[in-house]
Amino acid sequence: MWKNRNVWIILIGELIAGLGLWASIIGNLEFMQEKVPSDFVKSLILSSGLLAGVLMGPLAGRVIDQSRKKTVLIYSSAGRVVSVIFMFIALATGSIWWMVVFLVLLQISASFYFPALQATLPLIVGEKDLLQLNGWDMNVSTIARVAGTALAGLILVYSAIGTLYLLSFVAYIAILLFTFMLKIPKEESQRTIQSDENTKKGSGFKEVFPMLQANLSVKMTFILSFIPLLFLGSFNLLVIKISELQDSAMIKGMIYTVEGISFMVGSFAIKYIGEKWSIERILFVCLIVIGSGEMLLYFAGSSFLTLITFALFGFSLGCFFPTVMTIFQKQVPKEFHGRFFSFRNMLDRIMFQIVLLSTGALLDFIGLQFMVLVFGAISVLITSYYWLQIRRGGVQIEAEQI
């Protein structure tokens with residue numbers, strides 16, 4: 001795998017783009033803290049971009065399945081470059097509305113880019129290398145998150161917020177240039193041409209539902225993959241609130257760093273854990289840890305317990321997501337990859353939006369400590385319910401040769 005130039009192009013490109021992405025995320029949080037006092041309004045602003053991504057999901061799925069993956073990656077990368085220009089306008093005018101335009105364009109680009117990337121990975125490596133590549137792809141994204149947030153914090157100390165978006169702008173240009181260097185095998189175009197007529201008949205996501213019904217392993221994994229979104233969808237607002245609760249700006253960077261490092265450890269460890277544990281056991285243990293960790297944030301006033309909790313989150317997610325992605329890439333037919341990953345990303349955005357709005361409202365009305373108890377209880381109850389359903393129904397969640 002490491003002799004494959006496409007692997008290096010994607011991983012290096014993801015590292016550079018991730019630095020820019022997290023620099024802009026920290027910039028967004030800083031900008032909103034200055035301009036928007038209400039947590040609920042903050043969540044509405046962040047959800048505006050997610051809504052745009054949701055609306056573009058069906059179109060993105062069809063385009064990805066009917067087009068060359070490289071072409072989709074190039075155009076969506078160019079869209080991210082253009083989006084940052086509107087954030088420069090927001091900074092110059094002090095207007096939150098230009099930030100909304102920036103978020104909308106960025107999420108529209110992401111609705112094409114990430115499903116296309118997920119559909120590209122099985123085309124550049126063999127199936128035996130997919131779990132390892134998924135793990136490394138997520139590790140690189142996490143390294144970028146840790147380095148990006150640390151660098152962003154340093155920039156905010158010594159420079160203006162606009163420098164963060166300048167970093168994002170340069171990074172997005174770099175990933176665009178790296179994408180031009182990709183050489184995806186010719187089989188990709190042949191595969192998409194062969195499935196083109198079938199894709200057109202499918203009219204968007206219609207053919208995804210029968211495929212899910214026919215593959216119980218994919219269907220159950222698909223449902224379970226949404227449970228961690230209760231944590232992930234509230235992550236940024238949680239970090240802001242914990243920072244305010246502890247009256248510490250430093251805790252933001254520490255949380256991102258600890259969670260990110262733990263995620264990388266989990267992504268490395270999953271290869272060895274998978275040799276001893278069944279896929280089913282890995283998924284459910286990770287979900288229980290995540291739900292329990294949410295409830296542990298009731299004690300978020302303690303810096304030590306907060307960091308321990310986010311370390312548990314990171315490790316569990318680092319094990320969970322590479323496993324889930326590998327199951328999908330192996331068991332979902334390749335002619336469905338574009339539509340399936342777009343459909344999943346669309347539902348991700350819907351869930352993110354629901355969780356984001358709920359988080360903002362709950363933080364305003366019941367506060368951080370009671371909110372995390374609610375989220376944790378929901379996560380544990382849903383996980384327990386599906387565990388019992390699997391045991392009673394005899395369904396097994398497995399993926400060949402993981």
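Is Q33 buried, partly exposed or exposed? Q33 is partly exposed, at a relative accessible area of 30%. The notes below concern a predicted model.

1. Surroundings of Q33. This residue sits in helix α1, which covers residues 5-35. Leaving aside residues up to four places away in sequence, Q33 touches K42, I240, E244 and K252. One of these partners, I240, is 207 residues from Q33 in sequence, yet the two C-alpha atoms are 8.9 Å apart in space.

2. The salt bridge. How many salt bridges does the structure hold? It holds 1 salt bridge. The side chains that meet in a salt bridge are those of K241 and E244, with a distance of 3.7 Å from N to O. Side chains of opposite charge can pair when their charged atoms come close. Both residues belong to helix α11 (residues 235-246), and because they are 3 residues apart there, about one helical turn separates them.

3. Exposure of the pair. K241 is partly exposed, its relative accessible area being 21%. E244 is also partly exposed, with a value of 44%. E244 is, in addition, among the residues that Q33 touches.

4. S243 in helix α11. S243 lies in helix α11 as well. At a relative accessibility of 8%, S243 counts as buried, because the cut-off for that class is under 20%. With residues up to four places away in sequence not counted, S243 touches S248, A249, I251 and K252. K252 also appears among the contacts of Q33.

5. Geometry of α2 and α4. Helix α2 spans residues 39-66 and helix α4 spans residues 96-124; their axes come within 7 Å and cross at roughly 30 degrees. Angles under 35 degrees count as roughly parallel, and α2 and α4 are therefore roughly parallel to each other. Their crossing is right-handed.

6. Residues between α2 and α4. On the α2 side, the contact is made by I45, L46, S48, G49, L50, A52, G53, M56, L59, A60, V63 and I64. On the α4 side, the residues are I96, M99, V100, L103, V104, Q107, I108, S111, F112, P115 and A116. What is the division of these residues into nonpolar, polar and charged? There are 18 nonpolar residues, 5 polar ones and no charged ones in the contact of α2 with α4.

How values were computed. Residues numbered from 1 in each chain as written. Predicted model: local features only at pLDDT ≥ 70, side-chain atom pairs only at ≥ 80, totals over all residues. Heavy atoms only, no water. Axes fitted to C-alpha atoms, helices over the stretch in contact; angles between N-to-C directions. Helix = DSSP H or I, 4+ residues; strand = E, 2+ residues; numbered from the N terminus. Parallel < 35°, antiparallel > 145°, perpendicular 65-115°, else oblique. Left-handed = near helix turned anticlockwise from the far one by under 90°. Contact = heavy atoms within 4.5 Å. Nonpolar A, V, L, I, M, F, W, Y, C, P; charged D, E, K, R; others polar. Salt bridge = Lys/Arg side-chain N within 4 Å of Asp/Glu carboxyl O. Buried < 20%, exposed > 50% of the residue type's maximum accessible area, 1.4 Å probe, protein only.
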